[in-house]
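Please find below some notes on the model, set out point by point. They can be read against the sequence and coordinates.

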Amino acid sequence: MADSSFDIVSKIDRQEVDNALNQAAKEIATRFDFRNVDAGIRWAGETIEVQANSEERANAALDVFKDKLVKRKISLKSIDAGEPKASGKLYKLTVGLKEGISQEDAKKIGKIIRDEGPKGVRAQIQGDELRVSSKKKDELQSVIALLKEKDLDVALQFTNYR
């Protein structure tokens, strides 16, 4: 009998991020507390740029964006928000998107699976994802449950389950 397996990945649905960004931009444009503060949010290449005329307003605009991401079921662990920096008379804040599992995180996840998971489970690092395989599907499901309860620094998705 062939082994059962699944992949652990960290990917972002760019369309959902774009939808959340557009919703946040509309809300920022229409909300009373963002009037006359030059607040805005937009794509800047692969990153997202938030701007306003004060640090507090820039952080408030970022909170609106985070709220829209949560409503669209995108983990806040997949964004990397910087600190507001003065740029002329505006404060700008850049938000990076984190995709893929780094080698250190992959090793950490593999160690968790080896130490705390069932004995017959193997984890292999394949680029920016992990392949977990076992002879029993029940063991794979227990690994998924184990990783979901751990507080890791990356947003994990479990794909390719067979």
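The points below take up a set of paired strands, one serine and a pocket.

1. The model is a predicted one, and this applies to every point that follows.

2. Strands β2 (residues 40–44) and β3 (residues 47–52) run antiparallel and are joined by five bridges. Within this pairing, I41 of β2 faces V50 in β3. The two strands make a hairpin with two residues between them. In the turn, G45 has a positive phi of about 75 degrees.

3. Strand β3 also pairs with strand β6 (residues 90–97), again in the antiparallel sense and over five bridges. One of the bridge partnerships here is that of A52 with Y91 in β6.

4. S134 belongs to strand β8, which covers residues 129–134. Is S134 buried or exposed? Its relative accessible area is 0%, below the 20% cut-off, so S134 counts as buried.

5. The side chain of S134 takes part in two polar approaches that can be checked in the model. The side chains of S134 and E139 are joined by a polar contact of 2.4 Å. A polar atom of the S134 side chain also lies 3.2 Å from the backbone nitrogen of K136. Beyond its neighbours within four places in sequence, S134 touches D3, S4, G120, V121, E139 and L140.

6. The largest pocket holds about 150 Å³ of space. Its lining consists of K77, L147, K148, K150, L152, V154, A155, L156 and F158. By class, six of these residues are nonpolar, three are charged and none is polar.

Conventions:
Residues numbered from 1 in each chain as written. Predicted model: local features only at pLDDT ≥ 70, side-chain atom pairs only at ≥ 80, totals over all residues. Heavy atoms only, no water. 1 Å grid on protein atoms, 1.4 Å probe; cavity = no way out; pocket = protein on both sides within 12 Å on 5 of 7 lines; lining within 4 Å. Points joined across faces, edges and corners; volume = space filled by probe spheres on them. Nonpolar A, V, L, I, M, F, W, Y, C, P; charged D, E, K, R; others polar. Helix = DSSP H or I, 4+ residues; strand = E, 2+ residues; numbered from the N terminus. Buried < 20%, exposed > 50% of the residue type's maximum accessible area, 1.4 Å probe, protein only. Polar contact = N/O pair within 3.5 Å; in protein donor to acceptor, adjacent residues only side chain to side chain. Contact = heavy atoms within 4.5 Å. Pairing = 2+ DSSP bridges.
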